[in-house]
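Here is a colleague's note for someone who has not looked at this structure before. Please read the points with the sequence and the model at hand.

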Amino acid sequence: MASAPASVEAGHEGFGRLVLQGAVALLMLVPVTLPVPVLRTLVHERFGVSELLTSLFMSINMVGAVLSAPVIGGLADRLGHRKHIAIGALVVDAVCFFAMTGPVPFVVFMGLRFVEGAAHIAALSMLLSLASTSVPDAHRGRALGLVGAGLLLGVAIGAPIGGRLGASDPMRPLVVGGFVVLGAAALAAWVLREGAAEVEGRASAAGLRVALREQGRLVIPLLFAFADRFTVGFYTTTFSLYLSRVHGADPPRIGLLIAAFMLPFALLSYPFGWLSERTSRVALLGVGSVVYGIGTASLVLWPPEALPLVMAAIGISAAVMFVPTMLLTTEYASESLRSTAMAAFNAAGSLGFIVGPLVGGFVSESIGEGGDWRRGYGAAFLVAGGSEILLVAVALPFLWRRGAGLRT
């Protein structure tokens, strides 16, 4: 029997290391939303492109993520060195951020964004894989909850910071993002550890196909990862464009509203991760997804002054379903396929993030091009929220019948 991973530690020291892993996650995700409040000036006005191509900026990096995540995950499961892969990917990520500030044509700008996405998802997959094996199975919910909280808190604070930074110079969020990612690489080099169990029995990426055939339930958390990031793509792109066009919101205001959504999402991930160790993952996933879908579908019905509370409520519902989705992914994958499964989870989410902004841009522009932009954005958010509710109706009864997600 393999010895326990070196990173499984007891007491305050073990918890402290988990908190530091969450800090790495936070630094990795801050740059994701730094540019969101300045999308119109950073892309639309800088390059003179359409609303749809502006939305593509928030999708093209996820194309790189989808294409690279399965390859990186399979390579890590076969060869190991997850920590080194994470650090190297973060350095590449930072270089891309700095390069995007240069006087480059739109095609090169988007190419750099593509590579940045591939590097980002490689680092994120390795972090989640190492976090999921850094504690005993019974405590995996709280470990992923802390890392998930760091990820979401990074996304949450990135938007308001980006709004402040970009108010006078839209390039500044990219420059600061590059330095933040370098900080994440330095902290990862100190904090992350490869456990002894992580260098035995590597599996190939083809093993994921075998796992999907033998354990069909693994498809369901991957579908939820897709749907969740599909809707988040609307929040980071379509919602930002909606606020600026319909309500005339400035970048700081846009950043604060996105933070109102992301902060409760982040801060409650650890408590709900702890709860998911003690109750039905399926129930949490179902309730959270339905409330989240209804809130998203109704966004344009609320007056501007009510949006902070509405966004906070949607963020709470998102926290309810976030960690259970990751837990189901790790439970359905064998230990030898943990990196591959988490890479597939991230790839599914990245694919959703590709499609989300594009669908949001297409629907809002197609229906609102006659001048009724509120109607166009309303249709876009109805598509986003409706997709989440539809997935709950189709997928969760299957899991419930199989008894999946119940605490063992």
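1. Contact here means heavy atoms within 4.5 Å. The term is used for the neighbours of single residues below. The model is predicted, and the values that follow should be read with that in mind.

2. Overall make-up. The protein chain has 15 helices and zero strands. Of its 408 residues, 59% count as buried. Looking at contacts between residues at least 6 apart in sequence, 86% join residues at least 24 apart.

3. Thr-296. This residue belongs to helix 12, which covers residues 281-297. Once the neighbours within four places in sequence are set aside, Thr-296 is in contact with Tyr-235, Ile-314, Phe-381, Ala-384 and Gly-385. With Tyr-235 there is also a polar contact, side chain to side chain, at 2.7 Å. Is Thr-296 buried or exposed? Thr-296 counts as buried because its relative accessibility is 0%.

4. Ser-240. Tyr-235 appears again here: leaving out neighbours within four places in sequence, Ser-240 is in contact with Val-36, Pro-37, Tyr-235 and Ile-254. Ser-240 is placed in helix 9, a helix that spans residues 219-246. The side chain of Ser-240 reaches the backbone oxygen of Val-36 at 3.3 Å. Its relative accessibility is 4%, so Ser-240 counts as buried.

5. Pro-221. Helix 9 also holds Pro-221. At 0% relative accessibility, this proline counts as buried. Setting aside the neighbours within four places in sequence, Pro-221 is in contact with Thr-325, Leu-328, Thr-329, Tyr-332 and Phe-345. Pro-221 and Ala-348 are separated by 127 residues in sequence, yet their C-alpha atoms are 9.4 Å apart.

6. Val-323. This valine is part of helix 13, residues 307-332. Val-323 is buried, its relative accessible area being 0%. A second pair distant in sequence can be noted here: Val-323 and Ala-149 are 174 residues apart along the chain and 9.3 Å apart in space, from C-alpha to C-alpha.

7. Aromatic pairs. How many aromatic pairs does a search of the whole structure find? The search gives 18 aromatic pairs. One of them joins Phe-261 and Phe-265, with 5.9 Å from centre to centre and 55 degrees between the planes, and this pair is tilted. The two phenylalanines lie four residues apart in helix 10 (residues 251-267), so about one helical turn separates them. Both ends of the pair are buried: Phe-261 has 1% relative accessibility, and Phe-265 has 6%.

8. A second tilted pair. Why is the pair of Trp-373 and Tyr-377 called tilted? The ring planes stand at 35 degrees, with the centres 5.8 Å apart, so the pair is tilted; planes under 30 degrees apart would count as stacked, and planes over 60 as edge-to-face. Both residues lie in helix 15 (residues 373-402), four residues apart, about one turn of the helix. Trp-373 counts as buried at 18% relative accessibility. Tyr-377 is buried as well, with a relative accessible area of 0%.

9. Charges over rings. Trp-373 has a further partner: Arg-245 lies over its face, at 4.0 Å from the ring centre. Elsewhere, the charged end of Arg-113 sits over the ring of Phe-57, 4.1 Å from the centre of that ring.

10. Internal space. The count comes to one cavity of 30 Å³ or more. About 510 Å³ of space lies in the largest cavity. Its lining is made up of 32 residues, and those nearest its centre are Leu-29, Leu-152, Arg-229, Val-232 and Phe-322.

11. Helices around the cavity. Which helix gives the most to the lining of the largest cavity? Helix 5 does, with six residues. The helices that each supply at least two lining residues include helix 1 (11-33), helix 3 (51-79), helix 6 (140-166) and helix 14 (338-368). Among them too are helix 9, helix 10 and helix 13. Those three helices have come up in the points above: helix 9 with Ser-240 and Pro-221, helix 10 with the pair of Phe-261 and Phe-265, and helix 13 with Val-323.

How values were computed
Residues are numbered from 1 along each chain as its sequence is written. This is a predicted model: local features need pLDDT of at least 70, side-chain atom pairs count only at pLDDT 80 or more; totals for chains, interfaces and linings use all residues. Side-chain values use heavy atoms; hydrogens and water are left out. Buried means under 20% relative accessible area, exposed over 50%, partly exposed in between (1.4 Å probe, protein chains only). A polar contact is a pair of N or O atoms within 3.5 Å; within protein, one must be able to donate a hydrogen and the other to accept it, and residues adjacent in sequence count only if both atoms are side-chain atoms. Rings of Phe, Tyr and Trp (its six-membered ring) pair if their centres lie within 6.5 Å; planes under 30 degrees apart count as stacked, over 60 as edge-to-face and the rest as tilted. A charge sits over a ring if NZ of Lys or CZ of Arg is within 6 Å of the ring centre and within 35 degrees of the ring normal. On a 1 Å grid over the protein atoms alone, a cavity is a set of points where a 1.4 Å probe fits but cannot get out, and a pocket is an open set with protein on both sides within 12 Å along at least five of seven lines; lining residues have an atom within 4 Å of a point. Grid points are joined across faces, edges and corners, and a volume is the space filled by probe spheres set on the points.
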